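Student: Please take a close look at a single part of this model, and set that part in the context of the whole chain.

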Amino acid sequence: MKLHDERRDYERAQLTRESLHNDPMQQFSVWFAEAKQTAALPDPTAFTLATCGADQRPHQRIVLLKDIDDGFVFYTNYASQKGQNIEQNAWVSMHFSWLALEQQVRIEGRAEKLAREHSEAYFHSRPRASQLGALASSQSTPIAGRDELEARYLELTERYEGQTIPMPETWGGYRIKPEVFEFWQGGKYRLHDRFVYRLQGDASWLIERLQP
């Protein structure tokens, strides 16, 4: 399969140092707000989460951003592959691909578990079906077939009818505390605009333009 001619030029916008916020969280908020308002991006909260555990092999998957405070919050099963990787190596990388806007954001930082009460508050705010799904699935472990998973789901549905569904012991949230941001804006002739922010020891951010 030859894909040599699969390309398009990026001409939508330019990114300059003068247009950037000095705080990368503010810059992210500006881009994120635009992404949420763009009809061509139905899942703007979706990002690729890359982890690397003791095996030194990178693993990636799509997860959904659920909160922004002094970091980036997502929820998962702590016993999953991603949870095991983070237990072994807290350094992770996030990647938002908003190509309808000709933009990408890359973020590196450390993931830390949320307090259980924080996770429980979010868990019980989810649709009941999603709560049951989290309880039914031992994420990332092998299973003989979908029938087995659906039978488990139906059994739990009946068991907890009219009751509060307990949050699984292995389920909860992570907050990624960022130390590196890269903002990428596609440019003509493949001369893309790239700016990287690196957290300094005094809590300031060093901003540099990178060659495309």
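Tutor: Helices are DSSP runs of H or I with at least four residues, strands are runs of E with at least two, and both are numbered from the N terminus. On that basis the chain, which is a predicted model, contains five helices and nine strands. Their order along the sequence is α-β-β-β-β-α-β-β-α-α-α-β-β-β.

The part chosen here is helix 2, which spans residues 81–88. Buried means under 20% relative accessible area, and in helix 2 this applies to Lys82, Gly83, Asn85 and Ile86. These residues lie on the same side of helix 2, because the arc they cover around the axis is only 160°.

The partners of these buried residues are strands. Strand 1 (46–52), strand 2 (58–64) and strand 4 (72–77) pack against the buried residues of helix 2, as do strand 5 (91–98), strand 6 (103–113) and strand 7 (171–185).

The whole chain gives the setting for helix 2. Of its 212 residues, 39% are buried. Among the contacts of the chain with a separation of 6 or more, 64% join residues 24 or more positions apart. Along the principal axes, the C-alpha atoms fill a box of roughly 60 × 50 × 40 Å.

As for the surface, the accessible area of the chain is about 12,500 Å², and carbon and sulfur atoms contribute 48% of that area. The chain carries 26 positive and 30 negative charges, whose mean positions are 3 Å apart.

Notes
Residues are numbered from 1 along each chain as its sequence is written. This is a predicted model: local features need pLDDT of at least 70, side-chain atom pairs count only at pLDDT 80 or more; totals for chains, interfaces and linings use all residues. Side-chain values use heavy atoms; hydrogens and water are left out. Buried means under 20% relative accessible area, exposed over 50%, partly exposed in between (1.4 Å probe, protein chains only). Contact means heavy atoms within 4.5 Å. Accessible areas come from the Shrake-Rupley method with a 1.4 Å probe; for residues, only the protein chains shown count as cover. Lys and Arg count as positive and Asp and Glu as negative; His and the chain ends are not counted. The place of a charge is taken as NZ of Lys, CZ of Arg, CG of Asp or CD of Glu. The arc is that of the directions from the helix axis to the C-beta atoms.
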